[in-house]
Amino acid sequence: MFSTSTQSKSWMFNNEDDLNKLRESANLKHIQTYGRHINEAARYDYFLTAEEEKIMVKRYEIRLRDFCKRFQPPMTRCVIGTAFHYFKRFYIHNSVMNHHPKEIMVTCIYLACKVEEFNVSIQQFVGNLKGDREKATDIILNNELLLMEQLNFHLSIHNPFRPVEGLLIDIKTRCTLNDPERLRPGTEHFLERAFLTDVVLLYSPSQVALAAVLHAASKLQENLDSYVTDTLFGVEGRGKLEELIEAVRAIRSMVKMVDATPDRNQQKLLDKKLEKCRNPENNPDSEIYKKRMQALLDEDDDLYHTISSTSDSLNTSALNMSVCASPEVT
Amino acid sequence: MEDFTCPRCKTSKFQNPSLKMMVNVCGHGLCESCVDLLFLKGSGSCPECRIPLRRNNFRVQLFEDPSVEKEVDIRKRVLRDYNKKEDDFNSLAEYNDYLEEVETIVYNLSNNIDIVNTNKRIEQYKRDNRDQIMKSKGKLGREEYELEELLEFEKQQQELRKQEILIQESESKKKKIREKEALIDELMFSSDNAKNIVETFVQQVKEAKEEEAKVVPTKKTQFSSGIQFGRQSQTSFLPVPVEDGPLYSYKPLTVQTDGPKLPTDEDVLTRGYTNHVRTENEQERAGGFKSNIACMRALQDAFSGLYHTRKTVH
């Protein structure tokens, strides 16, 4: 039930400005932590601005979608939706410069597979990736806990897909629309685009679903307005109708604004900039990262050594005892 | 008891299987033959503690530890004088004090502690309570009397039951003989078919037997010891403490859907909602998942949150 979920309580935001403010503060926090040595004026020559970060996130959202579509075995829509949610939520409170979206993206998808019970092993999963698969495995598994922590462990996601099914059932039952199945392709297309915007962070899944269905209907020159006002909301929902109409309008306009073809030149520039300014502590190619990992590994080794040595001494003492206890042969 | 040896002649149970150990008021054991030998005159002294003893005070040792025998003896003697009952006291505390005093005296005497003073105390008590002691002796304890009565009553009952059984048995024997004779008479003098007569007789016997079985033996209302059935329930557990406070009242769970009113489970089935979902297959039905559940969930998800208004987080 969405109304009692963590999604409703902690991950629904008032408007886009609130979201942008949060993202800006994440950006500022990162710069303040890692950019003290650079003076104010030159800061944004080196670091990404919040706006640039947003563009990066948007681009990786598209990549996320494409990756999921090409994934073998084919994923259910819920996995994709959930991965989108995770990815969006992560970059509300985190800077792109701290954790590279490329890494967080695959981790989000991997975690979404688990949560949505789409059963793939890590080998199967990295099989869908290009490049060094061992490294990818390490990155995903190292980032998984971090991601969950940043999500506050709020892992269950309410996607708009089931509400669409519910609405279609309701339309078939209570509305005289001719062949409601025709709405499906339009609805799916709308939802796919909707995930590239922030609507899922601003509106409830059922509202997004309703907007998708209404959009699909208007594309087919059908009118479902009377169904919504009279049948769905009825008498007791009359007071709430205005709010809903406003929400549907906002969702549709936001989805219409989606620009799915980003500027390639700008992308390249941003990529280069990010490569320079990203936090080396979290970059698996950097020396610092390798050192850190090695230190962690050594720590583990040390721990292992101490444990094994104590258990060794225990073993020998046990042996001594058994020697003493055994009857002497003379 | 196996490794008993007489302290005087050193005879053991192993050497003489019929060895009988005797004991007197001092608590020192002696075997029967030694008693015969030493107390030939009827009185003598204990070979261990030199206390003058009488022969007719010797009795067979019942307990393994002879000191227990001594204690039993002393207790008997003390209680002959200290024979007050609970009824003779005003309060339970006083009675308890009295019992404790008795126990102290018995303990002192049997463990040779302060014997002179203890004996003096007994003498003093005897003098002080002479009248009362005499009276109580006559009473012989009401309880003992009652017990005897009960035993007597039980014996009578048993006797009665035996007689009843005997009478019943003889009666049934007589009855059988009578029936047989009647049957033979019938066969001799009646003009009916012999087969019919036998059959009717068999029927009669059967009926009579059934009737007998129906007579339920009288229900007993007490145990053989005379205690009423069901008496025990009076000494049952303590009552469960009842907590005072407002009683719990059930409030049905209401689901806040934050959306339009959902169709009820019945509506889903009757209004044709389920016509638009896939029917469950056999395996799903076996698990209890019917199509109306899936349908209901989809509708719930579609309706829940439709009234959602954007609100500030935190």
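Reader: What makes Glu103(B) and Arg75(B) a salt bridge?

Author: In this predicted model, their closest N and O atoms are 3.0 Å apart. A salt bridge needs a side-chain nitrogen of Lys or Arg within 4 Å of a carboxyl oxygen of Asp or Glu, so the pair qualifies. Glu103(B) lies in helix H3 (residues 92-110) of chain B and Arg75(B) in helix H2 of chain B, so parts 28 residues apart in sequence get tied together. Helices here are DSSP runs of H or I with at least four residues, strands are E runs of at least two, and both are numbered from the N terminus.

Reader: Why is Glu103(B) called partly exposed?

Author: Its relative accessibility is 40%. Buried means under 20% relative accessible area, exposed over 50%, and partly exposed in between (1.4 Å probe, protein chains only), so that label fits Glu103(B).

Reader: And Asp81(B) with Lys126(B), how do you know that they form a salt bridge?

Author: N to O is 3.6 Å for this pair, so it passes the same cut-off. Asp81(B) sits in helix H2 of chain B and Lys126(B) in helix H4 (residues 115-128) of chain B, 45 residues apart in sequence. Asp81(B) counts as buried at 10%, while Lys126(B) is partly exposed at 31%.

Reader: What are the ground rules for numbering and confidence?

Author: Residues are numbered from 1 along each chain as its sequence is written, with chains lettered from A and ligands numbered from 1 in written order. Local features need pLDDT of at least 70 and side-chain atom pairs 80 or more, while totals for chains, interfaces and linings use all residues, and side-chain values use heavy atoms, leaving out hydrogens and water. By the way, pLDDT is the predictor's confidence in each residue, from 0 to 100.
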